[in-house]
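Thanks for coming. I will walk through one structure this morning, beginning with a single residue and then moving out to the whole chain and its pockets.

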Amino acid sequence: MGSTEPVYSGIPAGELGAEGWAKPWSGTNGGSCVEAKRLPDGSVAFRQSKDPEGPALVYSRDEMISFLDGAKSGQADFLVA
């Protein structure tokens with residue numbers, strides 16, 4: 001990925017490179033994992049491990065901080081209740 005190419009939510013994950021993807025939430029769910037990658041500008045990309053070339057969701061650093069703070073305080077519990 002060149003530094004002049006824009007990064008956007010829905011970008012093919014393959015365009016973000018193969019290195020740096022992590023599976024911090026992997027478990028015993030049959031290999032279906034969410035992978036995350038911190039991008040050079042501080043934003044974060046997510047992709048589905050079973051579709052590594054598929055679309056990546058990209059969130060700004062501030063969006064991630066807001067989401068993680070909310071999740072830690074229980075505001076996302078309804079997603080799995």
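Start with Ala22, which counts as partly exposed because its relative accessibility is 37%, between the 20% and 50% cut-offs. Bear in mind that what you see is a predicted model.

Where does Ala22 lie? It is in the segment before β1, the strand that runs over 34-38. If we leave aside neighbours within four places in sequence, Ala22 is in contact with Val34, Glu35 and Ala36. There is also Lys37, 15 residues from Ala22 in sequence, with 6.4 Å between the two C-alpha atoms.

The second residue I picked is Arg47, which sits in strand β2. Is Arg47 buried or exposed? Its relative accessible area is 12%, so Arg47 is buried; the cut-off for that is under 20%. Again setting aside neighbours within four places in sequence, the contacts of Arg47 are Ala13, Trp21, Cys33, Val34, Glu35, Pro52 and Pro55. Val34 and Glu35 are in the list for Arg47, and they are also in the list for Ala22. Pro12 is 35 residues from Arg47 in sequence, and their C-alpha atoms are 9.2 Å apart.

Now the whole protein. It has 1 helix and 3 strands, and along the sequence they come in the pattern β-β-β-α. Of the 81 residues, 27% are buried. Take the contacts between residues at least 6 apart in sequence: 31% of these join residues at least 24 apart. The accessible surface is about 5,700 Å², and carbon and sulfur atoms account for 55% of that.

The helix, α1, has 12 residues. From its first C-alpha to its last it reaches 16 Å, close to the 16 Å expected at 1.5 Å a residue. Just after α1 comes Gly74, with a positive phi of about 95 degrees.

That leaves the pockets. Rolling a probe the size of a water molecule over the atoms shows where empty space is left.

The largest pocket has a volume of about 220 Å³. Which residues line the largest pocket? They are Trp25, Val34, Phe46, Leu57, Tyr59, Glu63, Met64, Phe67 and Leu68. By class, 8 of them are nonpolar, none is polar and 1 is charged. Two elements each supply at least two lining residues, namely β3 (57-59) and α1 (61-72). The largest share comes from α1, with 4 residues.

The second largest pocket holds about 160 Å³ of space. Its lining is made up of Trp25, Arg38, Gly42, Val44, Phe46, Arg61, Met64, Ile65 and Leu68. Here the elements giving two or more residues are β2 (44-48) and α1. Once more α1 gives the most, with 4 residues. By class, this lining has 6 nonpolar, 1 polar and 2 charged residues.

If you compare the two lists, Trp25, Phe46, Met64 and Leu68 appear in both. Val34, which we met as a contact of Ala22 and of Arg47, is part of the lining of the largest pocket.

To sum up: the pattern is β-β-β-α, and α1 gives the largest share of the lining in the largest pocket and the most in the second largest one. That is what I have for today.

Terms used: Residues are numbered from 1 along each chain as its sequence is written. This is a predicted model: local features need pLDDT of at least 70, side-chain atom pairs count only at pLDDT 80 or more; totals for chains, interfaces and linings use all residues. Side-chain values use heavy atoms; hydrogens and water are left out. On a 1 Å grid over the protein atoms alone, a cavity is a set of points where a 1.4 Å probe fits but cannot get out, and a pocket is an open set with protein on both sides within 12 Å along at least five of seven lines; lining residues have an atom within 4 Å of a point. Grid points are joined across faces, edges and corners, and a volume is the space filled by probe spheres set on the points. Ala, Val, Leu, Ile, Met, Phe, Trp, Tyr, Cys and Pro count as nonpolar, Asp, Glu, Lys and Arg as charged, and the others, Gly among them, as polar. The expected span of a helix is 1.5 Å times one less than its number of residues. Buried means under 20% relative accessible area, exposed over 50%, partly exposed in between (1.4 Å probe, protein chains only). Contact means heavy atoms within 4.5 Å. Accessible areas come from the Shrake-Rupley method with a 1.4 Å probe; for residues, only the protein chains shown count as cover.
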